[in-house]
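Thanks for coming. I have one model to go through today, so let me put it on the screen.

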Amino acid sequence: MNAPLAPAVNHHAHHRGFAGPIGSAMGLVMLVAGRRRARMVVELTSVTEADRVVDIGCGPGGAVGAAARRGARVTGVDPSSAMLRLARIFVRGRTIRWVRGTAENLPVPDGTATVAWAVATVHHWPDVATGLAEVRRVLVPGGRFMTVERDVRADASGLASHGWTDAQARSFADQCRTAHFTELRVERHVQGRHAFWAVHAIRP
């Protein structure tokens, strides 16, 4: 008897995204509520001033700002013009670049990033395999890739389902391995009342 398949890691791939006044309002909430998570992201990836970071699905730019404050050069990529508009207003720095794009078509040259991360966005990617190929393309050999998703219950619905279960986090790690990433680690982190899955990988 075959084991049941884990739910898709991109189970909200058809989400319409954030646009207009509602998108701007959501972006402000994400910017304020995500400060601690942004600090966690740069700590987990050990960002330094020597790094060149790509934030895939940067939203209003909280993690971009946290990396820039460590001296890194950072490119924030997002498909939403509303999110990028907020990012340009509230997150500034000489080492920051904002561009519109998607995980499947990153506007970043080959082999130029030492770090790439996707924070609460992989569950929205339309094509995970293509997204992983793009991440591998833009990273230098030895480059670090990390994905962070909220820990959610398997029976969650609505907004509460935006994230990953344990099985989905491990399924994504397997997909990273298939995409020729190495040194895969799956970790669960607790921050206040919230828990997150972090999947780490290296581009060989």
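**Glu 134 and its surroundings**

I'll start with one residue. Setting aside neighbours within four places in sequence, Glu 134 is in contact with Ala 103, Glu 104, Asn 105 and Leu 106. Please keep in mind that this is a predicted model. Take Glu 104 from that list of contacts. The C-alpha atoms of Glu 134 and Glu 104 are separated by 6.2 Å, and the two residues are 30 residues apart along the chain. Glu 134 itself lies in helix α5. Is Glu 134 buried or exposed? Its relative accessible area is 12%, so Glu 134 is buried, the cut-off being under 20%.

Helix α5 brings me to the strands on either side of it. The chain goes from β4 through α5, residues 128-138, to β5, and this β-α-β crossover is right-handed. The strands β4 and β5 run parallel and are joined by six bridges. One residue pair to look at is Trp 117, whose bridge partner in β5 is Met 146.

Strand β4 also has a partner in β1, residues 52-56. Here three bridges join the strands, and β1 and β4 run parallel. In this pairing, Val 53 stands opposite Val 115 in β4. How many of the residues of β4 are buried? Seven of the seven, across residues 113-119, so β4 is largely enclosed by the rest of the structure. As a general reminder, side chains in a regular strand alternate between the two faces of the sheet.

Now the aromatic residues. In general, a pair of aromatic rings is described by the distance of the centres and the angle of the planes. The count here comes to three aromatic pairs. One of them is Phe 145 with Phe 172, an edge-to-face pair at 6.4 Å centre to centre, with 65° between the planes. Phe 145 lies in strand β5, residues 139-150, and Phe 172 in helix α6, residues 166-178, so the pair ties together parts that are 27 residues apart in sequence. Both rings belong to buried residues: Phe 145 has a relative accessibility of 1%, and Phe 172 has a relative accessible area of 0%.

Phe 145 also pairs with Phe 181. Their ring centres are 5.6 Å apart and the planes are at 35°, so this pair is tilted. This pair, too, links distant parts of the chain, with Phe 145 in β5 and Phe 181 in the loop between α6 and β6, 36 residues apart. At 3% relative accessibility, Phe 181 counts as buried. Which residues make up the cluster? Phe 145, Trp 164, Phe 172 and Phe 181 form one aromatic cluster.

Next, helix α4, residues 81-90. Buried residues in this helix are Ala 82, Met 83, Leu 84, Leu 86 and Ala 87. At the start of α4, a side-chain oxygen of Ser 80 comes within 3.3 Å of the backbone nitrogen of Ala 82.

Last, the cysteines. How many disulfides does the structure hold? Zero. Two cysteines I looked up are Cys 58, which counts as buried at 7% relative accessibility, and Cys 176, which is buried with a relative accessible area of 1%.

That is what I have on this model.

How values were computed:
Residues numbered from 1 in each chain as written. Predicted model: local features only at pLDDT ≥ 70, side-chain atom pairs only at ≥ 80, totals over all residues. Heavy atoms only, no water. Buried < 20%, exposed > 50% of the residue type's maximum accessible area, 1.4 Å probe, protein only. Helix = DSSP H or I, 4+ residues; strand = E, 2+ residues; numbered from the N terminus. Polar contact = N/O pair within 3.5 Å; in protein donor to acceptor, adjacent residues only side chain to side chain. Phe/Tyr/Trp six-rings, centres within 6.5 Å; stacked < 30°, edge-to-face > 60°. Disulfide = S-S within 2.5 Å. Pairing = 2+ DSSP bridges. Right-handed = clockwise from strand over helix to strand, strands pointing away. Contact = heavy atoms within 4.5 Å.
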